[in-house]
Amino acid sequence: IFVLDHQNKKVRLSLRAKEIMDNLNKNEANSPYESEGCNWVPEYGAWMVEATPRRPYNGYSVDLLRVERNMRLRRKRILSELNDNEIAPT
């Protein structure tokens with residue numbers, strides 16, 4: 001997660017990954033959609049978040065249709081937790 005400082009034209013790391021992950025996981029636990037959801041886990045440091053599908057993909061062609069839909073869902077959910085001056089590069 002990056003923080004954009006438009007005034008000073010700088011980009012800094014945001015160390016809010018744990019807070020963001022906690023909020024996202026809490027929201028996932030309250031989500032009525034058990035089959036399509038996200039799993040939020042820490043990545044390397046306090047500024048990185050990793051998201052995976054809650055339910056693993058299988059070897060069926062119908063699962064190919066789930067991939068993009070789940071990627072969009074994960075992107076939408078993490079963006080909803082960011083502050084106005086934060087971005088989540090992919």
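Helix α2 gives the most to the lining of the largest pocket, with five residues, and both α2 (61–81) and strand β4 (49–53) supply at least two residues each. The model is a predicted one, in which local features need pLDDT of at least 70 and side-chain atom pairs count only at pLDDT 80 or more, while totals for chains, interfaces and linings use all residues. Residues are numbered from 1 along each chain as its sequence is written, and side-chain values use heavy atoms, with hydrogens and water left out.

A pocket here is an open set of points on a 1 Å grid over the protein atoms alone, where a 1.4 Å probe fits, with protein on both sides within 12 Å along at least five of seven lines; lining residues have an atom within 4 Å of a point. The space in the largest pocket comes to about 450 Å³, and of its 16 lining residues V49, R75, A88, P89 and T90 lie nearest the centre.

Helices (H or I, at least four residues) and strands (E, at least two) are DSSP runs numbered from the N terminus. The protein has two helices and five strands, arranged along the sequence as β-β-α-β-β-α-β.

The axes of α1 (residues 17–29) and α2 come within 10 Å and cross at roughly 125°, which makes α1 oblique to α2, a class left for angles outside under 35, 65 to 115 and over 145 degrees. In the contact (heavy atoms within 4.5 Å), I20, N23, L24, N27 and E28 of α1 meet R77, I78 and E81 of α2.

| Site | Nonpolar | Polar | Charged |
|---|---|---|---|
| Lining of the largest pocket | 11 residues | one residue | four residues |
| Contact of α1 with α2 | three residues | two residues | three residues |

Notes:
Grid points are joined across faces, edges and corners, and a volume is the space filled by probe spheres set on the points. Ala, Val, Leu, Ile, Met, Phe, Trp, Tyr, Cys and Pro count as nonpolar, Asp, Glu, Lys and Arg as charged, and the others, Gly among them, as polar. Axes are lines fitted to C-alpha atoms, for helices over the stretch in contact, and angles run from 0 to 180 degrees between N-to-C directions.
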